[in-house]
Amino acid sequence: MSKRGPKIGDAVSLWNFAPSPGFTKEEVVILKYCLMYYGVGRWVQILESGYLSGKLIQQLNGQTQRLIGQQSLAAYTGLCVDLDKIREDNDKKDGERKGGLLINSGPNPTKTLRAKWQAEAKAKYGLSEEVRQSYKDALDQFKLEKDKSLIEEHLSLEDPIETKSLDKKALVGVLKKLRVNLKALHGVWEKNKGKEVTGEAGDGVSSGLKGEGVGGKSDGAAAPTRIKG
């Protein structure tokens, strides 16, 4: 029997937690890739990127805690780090836990202590620019496929327009609507021109980058797989 894993093809470590309310497993992987490219705690940038439309900052924060197995994000705020490695290390630590997450049972950390934590986290888990960009490429590929899928779905469901029964005013309205749709389609085409969409529908996820570890400070960082919606 083959080992069960997420359909989107990411690391088996994703199954170490339950997605937060309002998240699918696919969206968890998208958030993970966003965090590894934009940085932990960069909620505004992540929401403005459009990859997780409709999500709230509280939801992103809560799911990030589950991704790393730790309640406080202070040590990683603003950093692009290997979330899988952090989770792996946190799972091995002894300490007080709440809801399966490590918690800080001591006094609130000072600014100096937080800076020390972040310096240590960056040295141990920090990702190189090459690795970060590989996650951005995977996100862009996912969005490209989503856009293509939505366009094809819209076109396939559109019934032929019956124009014989329309008067001049109605025809003008239809033409205006078609013009708007064509302009939108042209914008998507221009934006994605030169980019190739690979894979076949229903094939799950094929690897966007071969091998594991694209380089950088975190040698254990696995190459992102291509997310398929």
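A residue counts as buried when its relative accessible area is under 20%, and this cut-off is applied throughout the legends below, which describe a predicted model.

**View 1. The overall fold combines helices with two strands.** The predicted model contains 7 helices and 2 strands, and along the sequence these elements follow the pattern α-α-α-α-β-β-α-α-α. The protein has 229 residues, of which 34% are buried. Among the contacts with a separation of 6 or more, 66% join residues that are 24 or more positions apart.

**View 2. Leu-127 and Cys-80 are both buried residues.** Leu-127 belongs to the loop that runs between H5 and helix H6, the latter spanning 129-157. Because its relative accessible area is 12%, Leu-127 falls under the 20% cut-off and is therefore buried. Across 47 residues of sequence, the C-alpha atoms of Leu-127 and Cys-80 are 6.0 Å apart in space. Cys-80 has a relative accessible area of 15%, so this residue is buried as well. Another cysteine, Cys-34, is also counted as buried, since its relative accessibility is 0%. The number of disulfides in the model comes to 0.

**View 3. Asp-82 sits in the loop between H3 and H4.** With a relative accessible area of 2%, Asp-82 is under the 20% limit and so counts as buried. Along the chain, Asp-82 and Val-131 are 49 residues apart, while in space a distance of 9.8 Å separates their C-alpha atoms.

**View 4. Helices H3 and H4 cross at roughly 65°.** Helix H3 covers residues 57-68 and helix H4 covers residues 83-92, and their axes come within 7 Å of each other. On the side of H3, the residues that take part in the contact are Arg-66, Leu-67 and Ile-68, and they meet Leu-83, Ile-86, Arg-87 and Asn-90 of H4. By residue class, this contact between H3 and H4 is made up of 4 nonpolar, 1 polar and 2 charged residues.

**View 5. The largest pocket has a volume of about 490 Å³.** There are 20 residues lining this largest pocket, and those closest to its centre are Gln-70, Ala-75, Tyr-76, Lys-93 and Trp-117. Taken by class, the lining residues comprise 9 nonpolar, 7 polar and 4 charged. H4 and helix H5, which spans 111-125, each contribute at least two residues to the lining of the largest pocket. It is H5 that gives the most to this lining, with 5 residues.

Terms used. Residues are numbered from 1 along each chain as its sequence is written. This is a predicted model: local features need pLDDT of at least 70, side-chain atom pairs count only at pLDDT 80 or more; totals for chains, interfaces and linings use all residues. Side-chain values use heavy atoms; hydrogens and water are left out. Axes are lines fitted to C-alpha atoms, for helices over the stretch in contact, and angles run from 0 to 180 degrees between N-to-C directions. Helices (H or I, at least four residues) and strands (E, at least two) are DSSP runs, numbered from the N terminus. Contact means heavy atoms within 4.5 Å. Ala, Val, Leu, Ile, Met, Phe, Trp, Tyr, Cys and Pro count as nonpolar, Asp, Glu, Lys and Arg as charged, and the others, Gly among them, as polar. On a 1 Å grid over the protein atoms alone, a cavity is a set of points where a 1.4 Å probe fits but cannot get out, and a pocket is an open set with protein on both sides within 12 Å along at least five of seven lines; lining residues have an atom within 4 Å of a point. Grid points are joined across faces, edges and corners, and a volume is the space filled by probe spheres set on the points. A disulfide is a pair of cysteine sulfur atoms within 2.5 Å. Buried means under 20% relative accessible area, exposed over 50%, partly exposed in between (1.4 Å probe, protein chains only).
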